[in-house]
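Student: Before we begin, may I see the sequence and the structure that we are to discuss?

Tutor: Certainly; they are shown here.

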Amino acid sequence: MNNLKGSQVKAEISLMGGGDSLPRKSGDLVFHDGWEKRAFAMAIALHESGYYQWEEFRSILISEINSSGETAANPKPEEPGYYEHWLSSLEKLLRRKEIL
Amino acid sequence: MSSNHKHSEPANPYLEKRRNGEETSELEKRVSDIEALLISKGIVSKESLDRMIEIYENDLGPMNGARVVAKAWTDDEFKSRLLQDGTSAIGELGFSGLQGEHMVVIENTPEFHNVVVCTLCSCYPWPVLGLPPSWYKDAPYRSRIVLEPRKVLEEFGTFLPEDQEIRVWDSSAEIRYMVLPRQPDQSKGASEDKLVGLVTRDSMIGVGLPKSS
């Protein structure tokens with residue numbers, strides 16, 4: 001089990017805490033725009049139809065998110081958000097599978 | 001932050017990250033291009049995507065996790081199965097599926113309070129909690145909850161006793177965590193249905209506590 005103890009994960013996430021305040025309870029919209037839902041559903045549908053393992057999608061998503069360089073101390077509102085990363089990951093995977 | 005924000009508006013960096021109209025139409029086009037292609041190849045249908053969105057928006061959600069917690073509060077044997085093998089005990093109640101594999105349920109005690117994060121992306125137990133709220137997916141939560149959990153919990157309005165240790169659990173593809181919150185003392189003896197109403201999503205992530213009544 002991975003019970004994290006402070007320093008252990010610092011290297012892993014390379015994100016340092018900052019003074020920026022966290023969103024509160026009410027900030028809990030799941031989707032903002034219609035395209036986010038479609039992109040979300042397509043990634044799952046393709047996995048469920050056996051075009052790829054979920055882990056393959058997930059690992060691309062992780063690298064997309066990491067490449068944004070956004071941290072708590074340094075939020076970048078001008079950079080793409082979560083579902084933009086999701087969409088780019090889907091496009092990459094579809095190209096890799098020669099579907100796109 | 002501009003001063004004309006309403007007081008009720010949360011300080012949510014994600015909300016600042018809204019796209020303008022032009023960006024949104026570009027994104028819409030990228031998505032509809034993929035969708036049209038997949039439909040023309042017979043890989044997906046519009047109806048199956050609609051149905052899937054409906055399931056994720058309506059059928060999966062914290063109401064399922066709340067059932068699991070309420071049952072654990074009222075049934076000791078279920079609770080020990082749940083802590084032993086989360087995936088199969090949760091499956092007994094009919095909740096399973098993508099991102100619901102490899103579930104580990106961790107119990108809050110007077111000594112330890114547990115809180116869950118996914119530092120790498122957004123791993124989250126969909127069948128029992130639904131899709132994650134936006135703050136769970138954003139960099140501030142993913143980094144700060146590990147480094148200063150007590151402070152972050154306080155920002156959520158959750159104040160724990162000084163001597164209760166906070167443990168942070170990092171979900172991944174291998175293990176997805178869910179917190180079993182402590183049953184509020186005032187609710188002992190209440191029916192399972194009544195208890196379901198006390199269990200909040202945030203209490204199962206660990207950033208909050210159940211309602212007391």
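Student: Where is H102(B) found in chain B?

Tutor: This is a predicted model. In chain B, helix α6 covers residues 86–92 and strand β1 covers residues 103–107. H102(B) is found in the loop between α6 and β1.

Student: Does H102(B) count as buried, partly exposed or exposed, and what is its phi?

Tutor: The relative accessibility of H102(B) is 46%. The partly exposed class lies between the limits of 20% and 50%, so H102(B) counts as partly exposed. Its backbone has a positive phi although H102(B) is a residue other than glycine. The value of phi for H102(B) is near 55 degrees.

Student: Where is E98(A) found, and is E98(A) buried or exposed?

Tutor: E98(A), a residue other than glycine, has a positive phi near 55 degrees. E98(A) is found in the segment after α4 of chain A. Because its relative accessibility is 68%, E98(A) counts as exposed.

Student: Which residues of α2(B) are exposed on the face turned away from its buried side?

Tutor: Helix α2 of chain B runs over residues 21–40, and its 20 residues reach 28 Å from first C-alpha to last, close to the 28 Å expected. Its buried residues are T24(B), L27(B), V31(B), I34(B), E35(B) and L38(B). These cover an arc of only 100 degrees around the axis, which means that they lie on the same side of α2(B). The face turned away from that side carries the exposed residues G21(B), E22(B), E26(B), K29(B) and S40(B).

Student: What covers the buried residues of α2(B)?

Tutor: The cover includes elements of chain A as well as of chain B. From chain B comes α3 (46–59). From chain A come α2 (34–48) and α4 (82–96).

Student: At the start of α2(B), which residue has a side-chain oxygen that reaches the backbone nitrogen of E22(B)?

Tutor: The other end of the helix may be noted beforehand: α2(B) is followed by G42(B), whose phi is positive, near 75 degrees. At the start of α2(B), the side-chain oxygen comes to within 3.1 Å of the backbone nitrogen of E22(B). The residue that supplies this oxygen is N20(B).

Student: Which residues have the most contacts inside the largest nonpolar core, and which element gives the most to this core?

Tutor: The largest nonpolar core has 87 residues, and those with the most contacts inside it are W86(A), W126(B) and Y141(B). This core draws at least three residues from each of domain 1 (19–57) and domain 2 (61–205) of chain B. The element that gives the most to the core, with 9 residues, is α2(A).

Student: Leaving aside neighbours within four places in sequence, which residue of chain B is in contact with W86(A)?

Tutor: Within chain A, the contacts of W86(A) are A39(A), F40(A), A43(A), W54(A), F57(A) and L61(A). The contact in chain B is W126(B).

Student: What lies 2.6 Å from a polar atom of the side chain of T158(B)?

Tutor: T158(B) is found in the loop between α10 (149–155) and β3 (165–170) of chain B. Because its relative accessibility is 5%, T158(B) counts as buried. Not counting residues up to four places away in sequence, T158(B) touches L153(B), V207(B), G208(B) and L209(B). The atom at 2.6 Å is the backbone oxygen of V207(B).

Notes
Residues numbered from 1 in each chain as written. Chains lettered and ligands numbered in written order. Predicted model: local features only at pLDDT ≥ 70, side-chain atom pairs only at ≥ 80, totals over all residues. Heavy atoms only, no water. Helix = DSSP H or I, 4+ residues; strand = E, 2+ residues; numbered from the N terminus. Expected span 1.5 Å × (residues − 1). Buried < 20%, exposed > 50% of the residue type's maximum accessible area, 1.4 Å probe, protein only. Arc of directions from axis to C-beta. Contact = heavy atoms within 4.5 Å. Polar contact = N/O pair within 3.5 Å; in protein donor to acceptor, adjacent residues only side chain to side chain. Core = buried A, V, L, I, M, F, W, Y, C linked by side-chain atoms within 4.5 Å. Domains from an automatic or database assignment.
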